[in-house]
Structure formats: C-alpha cells, structure tokens
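User: I would like the reasoning behind the labels used for this model. Please set each value against its cut-off and then conclude.

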Amino acid sequence: LPACRDSKLCIKDLHFDEVPVRIYLPRAPSASKRRGVIFFHGGCGMFGSIRSYERICQYIARKSDSVVVSVGYHLSPEHNYPAQTLDCLTATVHFLKTAENYGVDPDRIIVCGDSAGGTYTASVCQELVNRQDIPKICAQVLIYPFLQALNFSLPSHQKNAFTAFLSRERAVHFILKYLKKDCSMKEAVLAGSHVPESINLKYRKWINPDLIPEKFKLSYKPPLPALFLPHVHEETKELFETRFSPLLAEDAVVCRLPDTCMITCEHDVLRDDGLLYKRRLEDNNVKVTWYHMEEGFH
C-alpha cells in the first residue's frame, strides 16, 4: 500500500551523483544540526524500492527527528553486480560531503539497512574506513544482514531450512539469480562444493559453528564434508569477495568500523551471519548493541 505523505515531513526526490534518493526532512525547526540516516532497502538486490520502504523511512525520520536518505540503488538483473553496492557507496559519500546542505551534522550520520541492505551497509562501512577526505560514519545498523556465502549449513540454516518467505534453498537461489549465474549450481553451493579446502581452512576462524552460542545450536548436526567442484568455484568467485561477503574482511578493516547495532531474528536462515559478525566486531573492540527477536523471522 502506498504510504500517506506525512505532514510533519518535507519529502524530496533527488539524485546523488546519478543515484536516485528520497530525502525525508522534519519540518519543525531544530536548535542544532540533526542526525542523518542513510537507508538501504532489502530485496536480494533484485526487489524493493524507495516506494516500498516509504513507511519505515517516514517512521524513522519522524520518531528519531532525523533526516533520512532512502537510496534507490539500481537493481539486478538489469544492472550487474556490484552496481548495487557501488550506488550505495556513491550516495553515502555524496551525503557525507553535502550533509550540512540538509541541516545535518556530518559527524552524526548513521548507515542502516535490512537483509541485502544490511550487506550494503556493512560493505560501505568497510570501504570507507580508510577515507580521510570525508567525515567518518557515526554508526551502522544491520537488520538481519546477509554477510557470507561460504557456509550454508550453519545452525540457523539447518533450523530454518524450510521457514516461510526465505528458506535455505531460496536464499541460494536468489544469490545465483542476483549474480546472473546458472541456478543448476544451487545444490552444489548449498553443500559447500564451491569452497576449496584452502579457503575453508583460512576462514574457519571466523565462519564456524563453534563460534555460535550453545543455546542457538540445540538441534545442530555437523554436515558431511562436501566434494569440491572446481568448475562451480570458478563460476561463483564473486561469493568470496568482501564486497559480497563482508564477514571475510580482515581484522585490520573490522577493527576500524563504527559502533554497530545488530538485529537478528530467531526464525531466520541468516541469523548466524549476524551472530558471527557480532562476535568479530566485539573481538576487534567495536562497540555492539545487539537485539535478538526470539519470535522474529526474516
């Protein structure tokens, strides 16, 4: 349903360096510069829009008295990966440079996103850690983010394999569709046949069921080792890029990330992505606020 225009907000459709955005500005005067919130919507990089997230962006702007920028990044398959991440990065940099034009304190800008939008949030924050020419992002909010494509047999994948809306199989199907790959590789990726042993060994320190708290592993069964298939690995190399799987970023990057709010849901195949990233951030002395929705689903 289309959202009713909120009389307390001034809403503008603009372009930030050719990336469509919608800005929600509180009409009430403010004694000081406001916070800014950059929002990346979910939808596997193929669905969703500024319009479909109108209600939540209005709500954030109204309740937090912040200027919200909703980013309408270009979708796959018309625009190839990584166009989506690059659009989000472009819009973020533009807003960081021009925040004061919208009554925003450039040192109080938060980046936020749900699902694939959470992926783009994590990726943008990682890509900006070394930038000295723009203000630093104040905080990142990751709402049930997708963060890694190496292991689809974690406890949350097993527990929620057949959960409505985003099943384990559908998650991988969407990943392959998003990257414009042959979906016949789905079973191989689900089994982990796309990951060579050298990569498994390298990232076991970060992607490992042993790192998940025991209370989330009550019915977990370790999967059988998968047969490595070199042709599947070759076809899916994008899955190992930190831009696609932010959980694979090195500690030198992770330790410089901003304060983080992590939201996970119990009935969600992606729950453990969030739990593993939360642990990585905490291990690197990044302040994390964690909200776990026990009855929540993706």
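User: What phi does Lys180 take just after H5?

Analyst: This is a predicted model. In it, Lys180 follows directly after H5 and has a positive phi of about 60°. The residue sits in the loop between H5 and H6.

User: What makes the phi of Lys180 worth a remark, given that it is not a glycine?

Analyst: Most residues other than glycine have a negative phi. Lys180 is not a glycine, yet its phi is positive, about 60°.

User: Why is Lys180 called partly exposed?

Analyst: Its relative accessibility is 49%. Exposed needs over 50%, and buried needs under 20%. Lys180 meets neither cut-off, so it counts as partly exposed.

User: Which other residue has a positive phi although it is not a glycine, and where does it lie?

Analyst: Asp65, with a phi of about 50°. It lies in the loop between helix H1 (54-64) and S4. At 36% relative accessibility, Asp65 is partly exposed, because that value falls between 20% and 50%.

User: Back to H5. Which residues of H5 are buried, and what covers them?

Analyst: H5 spans residues 168-178. Its buried residues include Ala171, Val172, Phe174, Ile175, Leu176 and Tyr178. Their cover includes H2, H3 and helix H6 (186-191).

User: Why is the pairing of H2 with H3 called oblique?

Analyst: The axes of H2 (residues 83-98) and H3 (residues 116-127) come within 10 Å and cross at roughly 60°. Roughly parallel needs an angle under 35 degrees, and roughly perpendicular starts at 65. The crossing angle fits neither class, so H2 is oblique to H3. The crossing is right-handed.

User: What makes the contact between H2 and H3?

Analyst: H2 supplies Gln84, Thr85, Cys88, Leu89 and Thr92. H3 supplies Tyr120, Ser123, Val124 and Glu127. By class, the contact has four nonpolar, four polar and one charged residues.

User: How many disulfides are there, and how do you know that Cys125 is in none?

Analyst: A search of the whole structure finds zero. A disulfide needs two cysteine sulfur atoms within 2.5 Å. For Cys125, the closest cysteine sulfur is that of Cys112, at 10 Å, so the pair is too far apart for a bond. Cys183 is in no disulfide either; its nearest cysteine sulfur belongs to Cys44, 12 Å away.

User: Are these two residues, Cys125 and Cys183, buried or partly exposed?

Analyst: Cys125 has a relative accessible area of 3%, which is under 20%, so it is buried. Cys183 has 21%, which is not under 20%, so it counts as partly exposed.

User: Why does Gly72 count as buried?

Analyst: Its relative accessibility is 14%, under the 20% cut-off, so Gly72 counts as buried. Gly72 is found in the loop between strand S4 (67-71) and H2. It touches Pro20 and Ile50, leaving aside residues up to four places away in sequence. His41 is 31 residues from Gly72 in sequence, while their C-alpha atoms are 8.0 Å apart.

User: Which peptide bonds are cis, at Pro77 and at Pro82, and where do these prolines lie?

Analyst: The bond from Ser76 to Pro77 is cis, with omega near 10°. The bond from Tyr81 to Pro82 is cis too, with omega near 10°. Pro77 lies in the loop between S4 and H2, and Pro82 is found in the loop between S4 and H2 as well. Most peptide bonds are trans.

Definitions and conventions: Residues numbered from 1 in each chain as written. Predicted model: local features only at pLDDT ≥ 70, side-chain atom pairs only at ≥ 80, totals over all residues. Heavy atoms only, no water. Axes fitted to C-alpha atoms, helices over the stretch in contact; angles between N-to-C directions. Helix = DSSP H or I, 4+ residues; strand = E, 2+ residues; numbered from the N terminus. Parallel < 35°, antiparallel > 145°, perpendicular 65-115°, else oblique. Left-handed = near helix turned anticlockwise from the far one by under 90°. Contact = heavy atoms within 4.5 Å. Nonpolar A, V, L, I, M, F, W, Y, C, P; charged D, E, K, R; others polar. Buried < 20%, exposed > 50% of the residue type's maximum accessible area, 1.4 Å probe, protein only.
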